[in-house]
Amino acid sequence: MGVLIAGGGVAGLAAGWRLAEAGMTDFALLELEDSTGGNARSGHNAISAYPLGAHYLPVPNREAKALRHMLRQFGIMTGEAPDGAPIYDPYQLCADLEERLLWHGGWQEGLFPQTGLSAADRAQRSAFDRAMDEFRSAAGADGRPAFAIPMAFSSTDPRFTALDTISFAHWLDQKGWSSTPLRAYLRYCCRDDYGTEPEQVSAWAGVHYFAARRGWAANGDGDRELTWPEGNARLAGLMAGRIRSAIRTGHSVFRVERDGDAVLVDSFDHARQRSTRIRARCAILAMPHFVSARLMPSQTPAGSFSYAPWIVANVSVSRQPRGKGVPLAWDNVSAGSDSLGYVVATHQSSGAGDGPTVLTWYMPLSRQSPQEARRIMLSRPLQAWQAVVRDDVLTMNPDLADAIERIDIWQWGHAMIRPVPGFLSDPVRRTAASSPPPILYAHSDLSGLSLFEEAHHRGIVAAEAAMAHVAHPFESLI
Ligand SMILES: Cc1cc2nc3c(=O)[nH]c(=O)nc-3n(C[C@H](O)[C@H](O)[C@H](O)COP(=O)(O)OP(=O)(O)OC[C@H]3O[C@@H](n4cnc5c(N)ncnc54)[C@H](O)[C@@H]3O)c2cc1C
């Protein structure tokens, strides 16, 4: 076989999509679950499809060339304005209202409080925004943007990478930004993208969250997000659809071994209850690093990779949530809760009216160490998690008291890579990211940022390296 992809999350599917794009057919993708998509899988019930994890893709940056090419092919990007700026399908951009915050008993638009702020709160917020604007337009001595998405295009100028040596919280302290509403908002952001507290996120990752996004789109849509009822499972499904015949689900890869200039990949077929060995000219390991480190223990050290656990709940309700203040948004967050609130699965369908819907509720278990949080996750029974979710949703929306029909809980033990201080310069991360054929790595873990764009980029880079190795002709999309 030409190329064997192990893992069918966004990175593995992107790798397969890239091979198929270049006309390659001699490849297979092995996925341990019964369906592909990884963290971007979805569920559905009689009301709607809903995400189990990843739920949106921000309008990509100019540097995300391969991703734009794919979105164009899938009809999500519909054309270009005369100046070349991409035009996105308005029905796939998040409809109004995008975000609302429960603050001092009422819902307001946006995620940063607008009322009850002191002069110092406002001044610190403005100073923070100005600093992020400067970082957003800054370039390093190497001519690259200070912060980019995919992060591999970011500058390596020590002026910016030095931020990797301290925590985001420490950096904010150094700046004197201690405003309670500002710090609560920044904590929300760190937990939202990294599942991790600002004390454990590197200042580089903290700044990256705000300074790396320069969404490129016509019609002023650069700041918007693309979303679907099933979340990013829409994108995962479209990629899988392109390479359907190459996908083998229910196959756990358990050993990978170099064999001369090729690779031996051993996997267990769950349905047939038997192991098989495939000899491939190249293998792309598109699974989390803590898994790939076990497939070749002598060659792949575990490094400083650590993972944030998350609880996701899908709450079916017989009518739409309400509340004082602005109307229901796609993303609904409470300033007083340790959860990240909920997104509304039927938000994109105009016909939803006041009828039933599914609320996808998120909470990273970031207060404890990941190990302790996983222990809690496993020991707490389903009913206890359902009670946590019910209490939180009803505190935000007492109007739903008699409307909750069911609560489905999903536990992600190793949901997201944590971009802790020092991770950027971790030699294990660097070695895996630049590993030569015939064994290539492709996973968002390698970026230290658990984002669709990062997973996609890693898949594309690995697929192009694999094609170069097996001498399959292609024109680079990177
Ligand atoms: C709760 C949650 C919410 C998120 N929300 C967003 C969001 O809104 N937007 C966003 O951009 N990102 C979000 N993310 C981040 C998300 O992780 C990435 O966007 C992306 O989906 C990661 O893809 P991946 O391919 O790197 O990894 P994974 O999704 O981890 O895929 C790895 C795949 O490898 C498979 N695998 C593992 N071991 C083996 C084995 N031994 N053999 C075969 N297969 C194996 C796994 O089953 C999985 O399918 C979220 C993540 C979580 C957990």
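I count Ala, Val, Leu, Ile, Met, Phe, Trp, Tyr, Cys and Pro as nonpolar, Asp, Glu, Lys and Arg as charged, and the others, Gly among them, as polar. On that scheme the shell around the ligand has 22 nonpolar, 13 polar and two charged residues. I note at the start that this is a predicted model.

**Entry: ligand shell**

I looked up which residues come nearest to the ligand. They are G7, G9, G38, A54 and S444, out of 37 residues around it. Next I asked which elements supply the shell. α1 (10–21), β5 (56–58) and β12 (251–259) each give at least two residues. So much also holds for β16 (307–317), β20 (404–417) and α13 (452–469), each again with at least two.

Why does the ligand lie between domain 1 and domain 3? Both domains give residues to the shell, so the ligand lies between them.

**Entry: domains**

I checked the domain assignment of the protein. Domain 1 comes in three pieces, 3–57 + 230–304 + 423–469. Domain 2 is 99–211, and domain 3 is 307–417.

I then turned to domains 2 and 3. Their centres, taken over C-alpha atoms, are 25 Å apart. In the contact list, 20 residues of domain 2 meet 18 residues of domain 3. On the domain 2 side, β8, β9 (106–109) and α6 (180–194) each supply at least two of the touching residues. By class, that side of domain 2 has nine nonpolar, five polar and six charged residues.

**Entry: strand β17**

I went to β17, residues 331–334, and looked at its two faces. Are they buried or exposed? Both are covered: D331 and V333 are buried on one side, N332 and S334 on the other.

I listed the pairing partners. β8 (residues 99–103) runs parallel to β17, with four bridges. Within that pair, L102 stands opposite S334. β18 (residues 342–344) runs antiparallel to β17 and is joined to it by two bridges. There, N332 has Y342 as its bridge partner. For reference, strands of a sheet pair through backbone hydrogen bonds, either parallel or antiparallel.

**Entry: P321**

I found P321 in the loop between β16 and β17. P321 has 22 C-beta neighbours inside 10 Å, so it counts as buried; the cut-off is 20 or more. Leaving aside neighbours within four places in sequence, the contacts of P321 are L328, N397, D399 and L400. I also took the distance from P321 to N332. They are 11 residues apart in sequence and 10.0 Å apart in space, C-alpha to C-alpha.

**Entry: the parallel sheet**

I traced an open sheet of five strands in the order β11-β2-β1-β15-β21, with parallel pairing. Its edges are β11 (247–248) and β21 (439–441), each paired on one side only. At the β11 edge, β2 (residues 27–30) makes two bridges. L30 has R248 of β11 as its bridge partner.

**Entry: nonpolar core**

How many residues does the largest nonpolar core have? I read 131, and A6, A15, A283, I284 and L285 have the most contacts inside it. I followed A283. Beyond its neighbours within four places in sequence, A283 is in contact with L4, A6, V256, V263, V265, P438, I439 and L440.

**Entry: β6, β7 and α2**

I looked at the hairpin of β6 and β7, which has five residues between its strands. In the turn, G84 has a positive phi of about 90°. β6 (residues 77–80) and β7 (residues 86–88) are antiparallel, over three bridges. G79 has I87 of β7 as its bridge partner.

Helix α2 (residues 65–73) has A66, L67, R68, M70 and L71 buried. The cover over these residues includes α1, β6, β7 and α13. After α2 comes G75, with a positive phi near 75°.

**Entry: α7**

I finished with helix α7, residues 203–211. Eight of its nine residues are buried. They are A203, W204, A205, G206, V207, H208, Y209 and A211. Their cover includes α3 (119–137), α4 (158–161), α5 (168–175) and α6.

Definitions and conventions. Residues are numbered from 1 along each chain as its sequence is written. This is a predicted model: local features need pLDDT of at least 70, side-chain atom pairs count only at pLDDT 80 or more; totals for chains, interfaces and linings use all residues. A residue is near a molecule or strand if its C-beta atom, placed from the backbone, lies within 6 Å of it. Domain bounds come from an automatic or database domain assignment. Two strands pair if DSSP finds at least two bridges between them. A nonpolar core is a set of buried Ala, Val, Leu, Ile, Met, Phe, Trp, Tyr and Cys residues joined through C-beta atoms within 7 Å. A residue is buried if 20 or more other C-beta atoms lie within 10 Å of its own, exposed if 12 or fewer, and partly exposed in between; C-beta atoms are placed from the backbone. Two residues are in contact if their C-beta atoms, placed from the backbone, lie within 7 Å.
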